Amino acid sequence: MRMATNHSVRLRICWRALALQAACTAVLLGSAVAQNAPYISGGGGFITSTKGGNTTYIPIIAPEFVGALGDHVMVESRATILESYFPRGGGSPGYKHDAFLGLSYLQADVIANRHLTIVAGEFLTPFGTYNERLSPIWISNFEEAPLTFGAGTMGTASSVGCMVRGTAFSSDEVNVDYAAYFSAASTNGQFNAERSSGGRVSAYFPKAGVEAGASFSRLLQNTHENFFGGHFWWEPADSYFRLRSEFAHAPHARGYWLEADYRLAHFGGERSVLGRLEPVFRMQQVFRNALDAEDGMPSADTNRVDFALDYHLPHAVRINTSYARELSSNGNRNIWQTGIVYRFLFPLWRDK
Amino acid sequence: MSHMQKFIGGLIVIAVLIPALAQTEAKTRTKKSEAAQATSAGTDDSARGQKVFEQNCSRCHNAPEGFPPQISGTIVRHMRVRASLNAADERAILRFLNP
């Protein structure tokens, strides 16, 4: 009788242990899966731009979807939806407006191994740094892209095809990464791209906060052209100073931009009244030796300086204000821009 | 039972219990040490994650002010592709975002 009782007690303990283990496993699996829920991110805002006395008003939203499928596959996409209101011109009073809805990219990423990620679909062309890193409206310090932005990104800034990218070498001292792509020609309204190929390689030294890299791309349709680029970033550790620069060389033009910003967080921290302020300076020059509609750069020699004061409000809201003076063979002009941008980030569905 | 027998019996019980207690104490110490090491490793990983975050993600944008933990894995994987992070850095940032 006692043996039978002991046996049933052991069984009960055993079942409870198994149940506890199963519950723990379920919780761990659940938490692991729960961390990979898809989300919507991006920015929305309202921008005004006054060029040579004409003001354009642009409400804009640029949502981005990111979803993980299993441990190695990810799907991501970004769209831009905007409506621009601009003067009718020609002496007519009032405003006209144009709507725009377009996909910046729609790609599938397959993380093959620690050195290689394969990307397929429509993706941002990996030339320089601005297109991939700084173009989202909630990241960029200025409302306008640099003058050299079109060079190497083939005007569309997006490619349709495949890309391989990843880290070639990584240590505490240096991180070397690469990207190489091929794009087919596409005249589809949402997936517009030129036939081209190219890539980028860069070395990042985290202790020094220095990154240097080179880019190359070749247009493979109409007039075949080569584009070369270089970039240099310096962001010293434990400092709010950042220096970013790029150089681009096209067959008939070349140019650079250099941007420096310093957030005044040393005065009371990032959340102080003064610490939320970020003065930014950008200098750009483009030198042209012949007209070329393919390279996406200004049609004449252009010098431009931009001054901005950005203010980081709570709840991921930012106010950007900037003044630029553009000196060009086509005419000089002042450019005033203001914008309020909100960065959002939320899961596609709520956790139970 | 005489006092001597009780005394010897008591000694035997103590002799058996002391090693058992000692072993239990050793196991407890080992567990505490392992737990401390695990906590330390977690803290180290989290600190490394913060460093990786500052050296990579923060170079382009500010950290989000907050987000539900259910999307942290997707965010980090997205950063892995965008910033060409390696797997170890991805894990460290995930630990930093979910300490």
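1. B:Ser84 comes just after helix H2 of chain B, and its phi is positive, near 50°. Helices here are DSSP runs of H or I with at least four residues, strands are runs of E with at least two, and both are numbered from the N terminus. Please keep in mind that this is a predicted model, in which local features need pLDDT of at least 70 and side-chain atom pairs count only at pLDDT 80 or more, while totals for chains, interfaces and linings use all residues. Residues are numbered from 1 along each chain as its sequence is written, and chains are lettered from A in the order in which they are written.

2. How many of the 11 residues of H2(B) are buried? The count is 9, so the helix is largely enclosed by the rest of the structure. Buried means that 20 or more other C-beta atoms, placed from the backbone, lie within 10 Å of the residue's own; 12 or fewer makes it exposed, and anything in between partly exposed. Among the buried residues are B:Ile75, B:Val76, B:Arg77 and B:Arg80. Their packing partners are strands S1 (39-51), S2, S3, S4 (92-113) and S5 (116-124) of chain A, together with helix H3 (87-97) of chain B.

3. On confidence, pLDDT is the predictor's per-residue score, from 0 to 100. Chain B has a mean of 71, with 57% of its residues at 70 or more. Within chain B, helix H2 (residues 72-82) is highest at a mean of 91, and helix H1 (residues 3-55) is lowest at 57. Over residues 17-36 of chain B the pLDDT is below 50, and this stretch has 0 contacts in the model beyond near neighbours in sequence.

4. For the complex, the predictor gives an ipTM of 0.81 and a pTM of 0.81. Counting a contact when C-beta atoms, placed from the backbone, lie within 7 Å, 29 residues of chain A touch 20 residues of chain B. On the chain A side, S6(A) supplies the largest share, 4 residues.

5. Now to strand S9 (residues 210-219) of chain A, where the side chains alternate: A:Glu211 and A:Leu219 are among those on the buried face, while A:Val210 and A:Phe216 are among those pointing to the other, which are not buried. Strands pair if DSSP finds at least two bridges between them. S9(A) runs antiparallel to S8(A) with 10 bridges, and 10 bridges also join S9(A) to S10(A), again antiparallel. A:Ser202 has A:Gly213 as its bridge partner, and A:Leu219 stands opposite A:Glu225.

Definitions and conventions. Contact = placed C-beta atoms within 7 Å.
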